[in-house]
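Student: Could we go through this structure together, one question at a time?
Tutor: Yes, please look at the sequence and the model below before we begin.

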Amino acid sequence: MVNRETAEMLIEKALEARKKSYCPYSSFSVGAALLTSDGSCYTGANIECSSHTPTVCAERVAFFSAVHDGKRDFSAIAIVGGDSREDVSFHCPPCGVCRQVMSEFCKDDFSIILYDGKTVRTFTLGELLPMRFGLLDPEER
Ligand code: THU
């Protein structure tokens, strides 16, 4: 669980990252800001493709960027999403594929922070992905 100040900092970075979304097909832009346990922050935005399948969510862009930079320990992620022509107005939850990617690198207590422009809701990965599939213990990664 991160403190309020850290959650607000992550939300700000996620809102900023959302502006970099490339979403001409859905007009749904998402931004994510991922906090590593050593205090670094990696951001991502969704990137779409005309054949749809290659589209990558904001959360995975942030995770893969961090992992490619040698990071494997994570504390929290802030996610904001909605109609790209408007400010965020609902709590945008991570999709199932992104939850599974989080599961690859994070423990049950990893915090998932959602912001709708007014209020913050925080969940743990354990809450959003109970009984998760995995072959490795996070300690082994
Ligand atoms: N999207 C994300 O970036 N993260 C999620 O967790 C849910 C969906 C993106 C993918 C696609 O570009 C757009 O939102 C509409 O599905």
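**The core, S111 and the ligand**

Tutor: Of the 22 residues in the largest nonpolar core, those touching the most other members are L34, F63, F74, I77, M102, F110 and I112; a nonpolar core is a set of buried Ala, Val, Leu, Ile, Met, Phe, Trp, Tyr and Cys residues joined through side-chain atoms within 4.5 Å. Two or more residues of this core come from each of β1 (28-36), α2 (58-68), β3 (74-83), α3 (96-105), β4 and α4 (125-128), where helices (H or I, at least four residues) and strands (E, at least two) are DSSP runs, numbered from the N terminus. This is a predicted model, in which local features need pLDDT of at least 70 and side-chain atom pairs count only at pLDDT 80 or more, while totals for chains, interfaces and linings use all residues. Residues are numbered from 1 along each chain as its sequence is written, and side-chain values use heavy atoms, with hydrogens and water left out.

Student: Which element gives the largest share of this core?
Tutor: Several elements give two or more residues to the core, β1 and β3 among them. The largest share is four residues, and the element that supplies it is α2.

Student: Is S111 buried or exposed?
Tutor: S111 is found in strand β4, which covers residues 111-115. Buried means under 20% relative accessible area, exposed over 50%, and partly exposed in between, with a 1.4 Å probe and protein chains only. Because the relative accessibility of S111 is 1%, this residue counts as buried.

Student: Where is H52 found, and is H52 buried or exposed?
Tutor: H52 is found in the loop between β2 (41-45) and α2. Since its relative accessible area is 52%, H52 is exposed.

Student: How many charged residues does the shell around the ligand have?
Tutor: The residues surrounding the ligand include S26, F28, E48 and E59, a residue being near a molecule if one of its heavy atoms lies within 4 Å of it. Ala, Val, Leu, Ile, Met, Phe, Trp, Tyr, Cys and Pro count as nonpolar, Asp, Glu, Lys and Arg as charged, and the others, Gly among them, as polar. By class, the shell has seven nonpolar and three polar residues, and the charged ones number two.

Student: How far is an oxygen atom of the ligand from an N or O atom in the side chain of E48?
Tutor: For E59, an N or O atom in the side chain is 2.7 Å from an oxygen atom of the ligand. For the side chain of E48, the corresponding distance is 2.5 Å.

Note on methods
Polar contact = N/O pair within 3.5 Å; in protein donor to acceptor, adjacent residues only side chain to side chain.
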